[in-house]
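Let's take a walk through this protein together, one neighbourhood at a time. Have the model open and follow along.

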Amino acid sequence: MYGAYTAGVLKGWTASGRRPRFDVVTGVSTGSLIAPFAFLGPDYDAVLERGYITIRPGDLYRLRGPTALLWADSLADSEPLRRRVEAQLTPDVVARVGRAYAEGRRLYVGTTNLDTKSLVVWDLTAIAAGNDPRKVELFRDVILASCAIPGLLPPVPITIEVDGHRHSELHVDGGVSASLFLPPTVFGADAKAEAPAAAGPNVYVIVAGKVKPDSRPVERSFVRVSGESLTAVLQARFEGDLLRVFVHARDAGAGFRLTAVPQELPLDSNWMALDGPALRRLFDAGRKFGAGDQAWRTSPPGLGPGDQPPRTGVRFTVTE
């Protein structure tokens with residue numbers, strides 16, 4: 001549901017008159033649903049707003065019956081999400097993405113290949129511009145796979161051909177292998193050597209969530225301790241991915257701009273609840289940021305000297 005914040009930022013950014021025309025857009029997980037419309041521009045802001053404000057669990061999945069879980073590969077069926085993807089990513093939308101290929105613009109979406117346990121980056125502009133008769137179906141399958149939360153939604157089989165031999169791979173949520181990504185090649189083969197002295201490109205990162213998870217006491221139970229530990233692992237991976245993008249941008253002489261859900265905004269810990277008022281709060285917070293004069297962060301968390309000082313004991317003094 002945190003994608004509602006990203007959709008709001010784009011809507012507010014358009015209203016401000018300062019939103020750029022992006023040369024490259026990347027997305028994983030809920031970001032993959034947003035990426036094609038962010039790439040195509042403000043004409044699709046209304047599609048994103050409707051999609052994130054009105055969405056409910058039944059629009060994304062159907063829980064399976066208890067007996068089905070004995071042989072199923074997920075707790076739920078993703079057919080509702082597939083229908084939603086098909087309705088939004090029409091052949092006309094895919095064709096518009098394809099026309100951007102000749103302009104040198106690129107749309108990338110990430111999935112996780114379960115066979116190799118690695119991130120796969122798909123160039124959706126190249127796919128959309130290609131001559132494969134099934135390119136619209138492949139385009140949609142990649143988006144669906146990037147949203148396929150392991151355990152909840154089923155993996156998406158994608159058939160590939162290598163040296164004339166065809167085989168099927170299973171792909172799931174790109175967030176399993178990368179929270180965000182930016183191929184270094186987007187800046188050129190030798191970006192560091194060609195870095196501009198003054199004004200250059202900008203990298204904008206819109207996080208569908210908070211930069212830091214909310215702090216809360218943890219009950220000493222197996223479920224809570226293991227669940228919060230997994231959250232910590234994912235948080236560490238997210239911060240590492242964010243730092244990697246920052247370094248790529250810096251080495252290319254590009255500006256780095258970051259926004260995320262405000263830390264003070266109260267959020268339900270159940271991010272799949274898709275509660276209507278919560279979605280509206282997220283969207284409105286994003287729209288306020290995008291339309292206003294609030295400053296984008298220029299570096300990821302953890303780089304400041306006072307971000308995580310070593311503890312010298314167990315007594316602390318809080319200063320404003």
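**Starting at helix α2**

A good place to begin is α2, where S32, I34, A35, P36, F37, A38, F39 and L40 are buried. Keep in mind as you look that this is a predicted model. Put as a count, eight of the 11 residues of α2 are buried, so the helix is mostly covered under the cut-off of 20% relative accessible area. Right after α2 comes G41, and its phi is positive, near 110°.

Now step back to what leads into this helix. S29 sits in the loop between β1 and α2. Its backbone is a bit of a curiosity: S29 is not a glycine, yet it has a positive phi of about 55°. Is S29 buried or exposed? Neither label fits, because its relative accessibility is 21% and S29 therefore counts as partly exposed. The backbone nitrogen of S29 also has a partner, since the side chain of S146 reaches it at 3.0 Å. You'll find S146 in helix α7, which covers residues 135-146. With a relative accessibility of 0%, S146 counts as buried.

Helix α2 has another visitor, R19. Look for R19 in the loop between α1 (3-16) and β1 (24-27). A polar atom of its side chain lies 3.3 Å from the backbone oxygen of A38, and A38 is one of the buried residues of α2. The side chain of R19 also makes a polar contact of 2.9 Å with the side chain of T14. Although R19 is an arginine, it counts as buried, because its relative accessibility is 13%.

Next, let's turn to the rings. Searching the whole structure turns up seven aromatic pairs. One of them joins F37 and Y44 in a tilted arrangement, with 5.5 Å from centre to centre and 35° between the planes. F37 is buried, at a relative accessible area of 2%, and Y44 is buried too, at 11%. Another pair, Y204 with W296, is edge-to-face, with centres 5.1 Å apart and 65° between the planes. What does this pair link? It links distant parts of the chain: Y204 belongs to strand β8 (residues 202-206), while W296 is in the segment after α9 (276-291), 92 residues apart. The two partners also differ in cover: Y204 is partly exposed, with a relative accessible area of 30%, whereas W296 is buried, with 18%.

Y204 and W296 have company as well. Together with W13, F22 and F289, they form one aromatic cluster. Back at α2, F39 has a neighbour of another kind: R105 lies over the face of its ring, at 4.1 Å from the ring centre.

Now for the empty spaces. How many cavities of 30 Å³ or more does a search of the whole structure find? It finds one. The largest cavity holds about 150 Å³ of space. It is lined by 15 residues, and the closest to its centre are L33, G51, Y52, R84 and Q88. Helix α2 turns up again here: α2 (30-40), α3 (45-54) and α4 (79-88) each supply at least two residues of the lining. By class, the lining of the largest cavity divides into 11 nonpolar residues, three polar and one charged.

You can also visit the second largest pocket, which has about 360 Å³ of space. Its lining has 18 residues, and Y5, A260, V261, P262 and Q263 are the closest to its centre. Both β9 (255-259) and α9 supply at least two residues of this lining. The largest share, three residues, comes from α9. In this pocket the lining is made up of 11 nonpolar, three polar and four charged residues.

One last stop takes us to D163, in the loop between β6 (156-162) and β7 (165-173). D163 has a positive phi of about 50°, although it is not a glycine. Which side of the exposure scale is it on, buried or exposed? D163 counts as exposed, because its relative accessibility is 75%.

Terms used: Residues are numbered from 1 along each chain as its sequence is written. This is a predicted model: local features need pLDDT of at least 70, side-chain atom pairs count only at pLDDT 80 or more; totals for chains, interfaces and linings use all residues. Side-chain values use heavy atoms; hydrogens and water are left out. Rings of Phe, Tyr and Trp (its six-membered ring) pair if their centres lie within 6.5 Å; planes under 30 degrees apart count as stacked, over 60 as edge-to-face and the rest as tilted. Buried means under 20% relative accessible area, exposed over 50%, partly exposed in between (1.4 Å probe, protein chains only). Helices (H or I, at least four residues) and strands (E, at least two) are DSSP runs, numbered from the N terminus. A charge sits over a ring if NZ of Lys or CZ of Arg is within 6 Å of the ring centre and within 35 degrees of the ring normal. On a 1 Å grid over the protein atoms alone, a cavity is a set of points where a 1.4 Å probe fits but cannot get out, and a pocket is an open set with protein on both sides within 12 Å along at least five of seven lines; lining residues have an atom within 4 Å of a point. Grid points are joined across faces, edges and corners, and a volume is the space filled by probe spheres set on the points. Ala, Val, Leu, Ile, Met, Phe, Trp, Tyr, Cys and Pro count as nonpolar, Asp, Glu, Lys and Arg as charged, and the others, Gly among them, as polar. A polar contact is a pair of N or O atoms within 3.5 Å; within protein, one must be able to donate a hydrogen and the other to accept it, and residues adjacent in sequence count only if both atoms are side-chain atoms.
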